[in-house]
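Here is a short briefing to read alongside the structure. Please have the sequence and the model open as you go.

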Amino acid sequence: MEDSLSATAGGGSSPTEAPAGPAARLGLTKGMVVQELGWDSDTDDALRIAIEDVIDSDMVDGDYGNVVDVVVLWWRDEDGDLVDGLVDSLTDLVGGGVIWLLTPKVGRANAVDPSDITEAAPIAGLALTTTAAVSTDWAATRLVTPKSPG
């Protein structure tokens, strides 16, 4: 019967859906422009590939020069002042866009203390909304510009 075929067609096994993948947990979808900042040899290549697979494009870098929907900011404790890094990541971000701050998990080399993120976000004009498990070695923290009252 065709009805049973169409019912199973959306069964979730399609590779384009990837509902449980790390990039999906970041809320990324096909067509989004994602800017990657702070890339280095220690970043998680599997996560980077998963992001590019979901958005169906390469991530852009800091020289992109146009607005982006999402910024993926790889940040380590040794990278300097987190407030400055967050402010810099706002440069190309579209209004209502999201910054995903990726930091080494607690206990890993160059881990960023969660309290540092909690303190830095409001100083940079951002609100911390959630965290997501996206990698064995990296933690993801979602930051957004707060909605203005009124």
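The notes below cover one helix first and then the sheet. This is a predicted model, in which local features need pLDDT of at least 70 and side-chain atom pairs count only at pLDDT 80 or more, while totals for chains, interfaces and linings use all residues. Residues are numbered from 1 along each chain as its sequence is written, and side-chain values use heavy atoms, with hydrogens and water left out.

**Helix α3**
- In α3 (residues 45-55), a helix being a DSSP run of H or I with at least four residues, the buried residues (under 20% relative accessible area, 1.4 Å probe, protein chains only) are L47, R48, A50, I51 and I55.
- Seen down the axis of α3, these fall within an arc of 160° (taken from the directions from the helix axis to the C-beta atoms), so they line one face of the helix.
- A46 and D53, on the other side, are exposed, that is, over 50%.
- The cover over the buried residues of α3 includes α2 (22-25), β1 (34-37), β2 (68-74) and β3 (93-104).
- Where α3 starts, a side-chain oxygen of D44 comes to within 3.0 Å of the backbone nitrogen of A46.
- After α3 comes D56, with a positive phi near 60°.

**The sheet**
- Five strands (DSSP runs of E, at least two residues) make an open sheet of mixed pairing, ordered β1-β2-β3-β5-β4; pairing takes at least two DSSP bridges between two strands.
- The edge strands, β1 and β4 (127-133), each pair on one side only.
- β4 and β5 (residues 138-144) run antiparallel and are joined by six bridges; A132 has A140 in β5 as its bridge partner.

Definitions and conventions: Contact = heavy atoms within 4.5 Å. Polar contact = N/O pair within 3.5 Å; in protein donor to acceptor, adjacent residues only side chain to side chain.
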